[in-house]
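Visitor: I am new to this structure. Could you show it to me and then take some questions?
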Amino acid sequence: MIRAHQILAVMLSLAAPIAAAAQATPATAPAAAIEKGSTVQLEYTLKDDAGAVLDSNKGQSPFTYTQGEAQLMPGLEKQLVGMHVGEEKKVVLPPEEAYGRPDPSAETEVAKDLLPPEALTVGARLMARNSTGEQRPVMVKEIKEKTVVLDLNHPLAGKTLVFEVKVLGVEPPKGAEPKSTN
């Protein structure tokens, strides 16, 4: 009987410091989830619905944006909410959630001499500036005698887009504590 008490006493004497150490170890904060105002770093590959790669930053610097500040397509932002560092996701966006459907009336006519000679080809893609200085992609739709008709639709308008994303970093909104995932 004494032997059983001695073993129990040794077990308790060993257990006490282990339990105390466990209580003294601070709990790790839950990993931040993407929420409005988070600064997010992503690795992505953008494909069309046929699987052709349109853009990717793999092996390059991460794409950094602030969630909720309209720096991404709304459909993509919506799908990223709640994700954590290390998580990956495939997001399929129909045209309505990406660049929209092509607008047949989204065109303008400009004087031929305003364009560089190498751009005077139907299908040529250019970057144009609007009156506020914002740049936007345009395409030469038609060449007339003295003018050129430019298609103002985004080149990806009408296309279903497939994003493969991996979250590389999430910083909570400034002045906010990460929310618990419990």
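Guide: Certainly; please note that this is a predicted model. A search of the whole structure finds 2 aromatic pairs.

Visitor: What sort of pair do Y44 and F63 form?

Guide: Y44 and F63 form an edge-to-face pair, with 6.2 Å from centre to centre and 85° between the planes. The pair links distant parts of the chain: Y44 belongs to strand β1 (residues 39–48) and F63 to strand β3 (residues 63–66), and the two are 19 residues apart.

Visitor: And what about F63 and Y65, stacked or edge-to-face?

Guide: F63 and Y65 are stacked, at 6.1 Å centre to centre and with 20° between the planes. Ring pairs thus link Y44, F63 and Y65 into a cluster.

Visitor: Why is Y44 classed as buried?

Guide: Y44 counts as buried because its relative accessible area is 16%, and the cut-off for buried is under 20%.

Visitor: Which class do F63 and Y65 fall into?

Guide: F63 has 29% relative accessibility, so it counts as partly exposed. Y65, at 1% relative accessibility, counts as buried.

Visitor: Let us change topic. Where is T45 placed?

Guide: T45 is in strand β1. Its relative accessible area is 6%, so T45 is buried.

Visitor: Which side chain does the side chain of T45 make a polar contact with?

Guide: The partner is the side chain of S56, at 3.1 Å.

Visitor: Which residues does T45 touch, not counting those up to four places away in sequence?

Guide: With those sequence neighbours set aside, T45 touches V53, D55, S56, K58, V162, F163 and E164.

Visitor: Now for pockets. What is the volume of the largest pocket?

Guide: The volume of the largest pocket is about 410 Å³. It is lined by 17 residues, and L46, L72, M73, Y99 and F163 are the closest to its centre.

Visitor: Which elements give two or more residues to that lining?

Guide: Those elements are β1, β2 (53–56), α2 (74–80) and β9 (161–171). Strand β1 gives the most to the lining of the largest pocket, with 3 residues.

Visitor: How many of the lining residues are nonpolar, polar and charged?

Guide: The lining of the largest pocket divides into 14 nonpolar residues, 2 polar and 1 charged.

Visitor: Which residue that you named for the pocket was also on the list for T45?

Guide: One of them is F163: T45 touches F163, and F163 is among the residues closest to the centre of the largest pocket.

Notes
Residues numbered from 1 in each chain as written. Predicted model: local features only at pLDDT ≥ 70, side-chain atom pairs only at ≥ 80, totals over all residues. Heavy atoms only, no water. Phe/Tyr/Trp six-rings, centres within 6.5 Å; stacked < 30°, edge-to-face > 60°. Helix = DSSP H or I, 4+ residues; strand = E, 2+ residues; numbered from the N terminus. Buried < 20%, exposed > 50% of the residue type's maximum accessible area, 1.4 Å probe, protein only. Polar contact = N/O pair within 3.5 Å; in protein donor to acceptor, adjacent residues only side chain to side chain. Contact = heavy atoms within 4.5 Å. 1 Å grid on protein atoms, 1.4 Å probe; cavity = no way out; pocket = protein on both sides within 12 Å on 5 of 7 lines; lining within 4 Å. Points joined across faces, edges and corners; volume = space filled by probe spheres on them. Nonpolar A, V, L, I, M, F, W, Y, C, P; charged D, E, K, R; others polar.
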